[in-house]
Amino acid sequence: YTQPTSNKTLVQDILNHKIDRAILAGSGDMSDILWENLKCPRYVFDRTMLKGMEIAYHTPETLGQDRLLNAYAVSHDFPNRNTLIVDCGTCITTTFLDEKNRLQGGSISPGVAMRFKALHHYTARLPLVAFDRAYHPSLLGMNTPSSIESGVLLGAIDEIVARMEAMRSLYPNLNIIMTGG
């Protein structure tokens, strides 16, 4: 499935299918979603819908809906397993669920597109390099754009791999789920 270019396109794609029930959930601005066009019972996500998963996070009210829903799905699909969820979207997040289905915590860092934009925005002369999903970065960039691509893409990969290795050293039978982006 190819991700649509806009929420409007996404809703049009969804409307082409028979839908029995729908839940609206998201961490960003959901105002442009054509929610009213769904002719079925509709529910807005509320964390009280999550059953069978304990949240040990110190500030559960600050957890994004994306992280909560990822954890909830994992708690049902992979119950009683130490699981690290890596979500590569606007931000790169990790969320850890322990073997007792408790959401323990995780990490949040800038996603790939945000990293490209930050290098351009917060420096005087670095260009804005467009993110190309087909790009395979080399270890050594041979010009400024390829050096930025190498640093951003390999840096994100290294961050994710290091996080997985650190968690695996604590939980040798760690289940890893990757999603997003």
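Helix α4 supplies three residues to the lining of the largest cavity, which is the largest share. That is a good place to start looking around this structure, which is a predicted model.

**The cavity**

How many cavities of 30 Å³ or more does the structure hold? There is one. The largest cavity contains about 40 Å³ of space. Its lining is made up of Ile92, Thr94, Ser107, Glu159, Ile160 and Arg163. Two elements, β5 and α4 (144-170), each bring at least two residues to this lining. As for how such spaces come to light, rolling a probe the size of a water molecule over the atoms shows where empty space is left.

**The protein as a whole**

With the cavity in mind, you can step back and take in the rest. The protein has four helices and seven strands. Followed along the sequence, these elements come in the order α-β-β-β-α-β-β-β-α-α-β. Of the 181 residues in the protein, 30% are buried. The accessible surface amounts to about 11,600 Å², and carbon and sulfur atoms account for 55% of that surface. Taking the contacts between residues at least 6 apart in sequence, 39% connect residues that are at least 24 apart.

**Two residues to compare**

Two residues make handy landmarks, and the table puts them side by side.

| Residue | Strand | Relative accessibility | Class |
|---|---|---|---|
| Ile23 | β1 (residues 22-24) | 52% | exposed |
| Thr93 | β5 (residues 91-97) | 7% | buried |

Why does Thr93 count as buried? Its relative accessibility is 7%, and buried means under 20%, so Thr93 falls in that class. Thr93 is part of strand β5, and β5 is also one of the elements that supply at least two residues of the cavity lining. Which residues does Thr93 contact, leaving aside its neighbours within four places in sequence? They are Arg67, Ile85, Val86, Asp87, Ser107 and Ile108. Ser107 may look familiar: Ser107 also lines the largest cavity.

Ile23 sits in strand β1. Ile23 counts as exposed because its relative accessibility is 52% and exposed means over 50%. On the surface, Ile23 joins Tyr43 and Met49 in a nonpolar patch. Together, the three residues Ile23, Tyr43 and Met49 have about 270 Å² of accessible area.

**Where to look**

For a short tour on screen, you could begin at α4 and its three lining residues, go on to Thr93 in strand β5, and finish at the surface patch of Ile23, Tyr43 and Met49.

Note on methods. Residues are numbered from 1 along each chain as its sequence is written. This is a predicted model: local features need pLDDT of at least 70, side-chain atom pairs count only at pLDDT 80 or more; totals for chains, interfaces and linings use all residues. Side-chain values use heavy atoms; hydrogens and water are left out. Patches are made of residues with over 30% relative accessible area and no salt bridge: like charges are joined within 9 Å, nonpolar side chains (Val, Leu, Ile, Met, Phe, Trp, Tyr) within 5 Å. Accessible areas come from the Shrake-Rupley method with a 1.4 Å probe; for residues, only the protein chains shown count as cover. A salt bridge is a side-chain nitrogen of Lys or Arg within 4 Å of a carboxyl oxygen of Asp or Glu. Buried means under 20% relative accessible area, exposed over 50%, partly exposed in between (1.4 Å probe, protein chains only). Contact means heavy atoms within 4.5 Å. On a 1 Å grid over the protein atoms alone, a cavity is a set of points where a 1.4 Å probe fits but cannot get out, and a pocket is an open set with protein on both sides within 12 Å along at least five of seven lines; lining residues have an atom within 4 Å of a point. Grid points are joined across faces, edges and corners, and a volume is the space filled by probe spheres set on the points.
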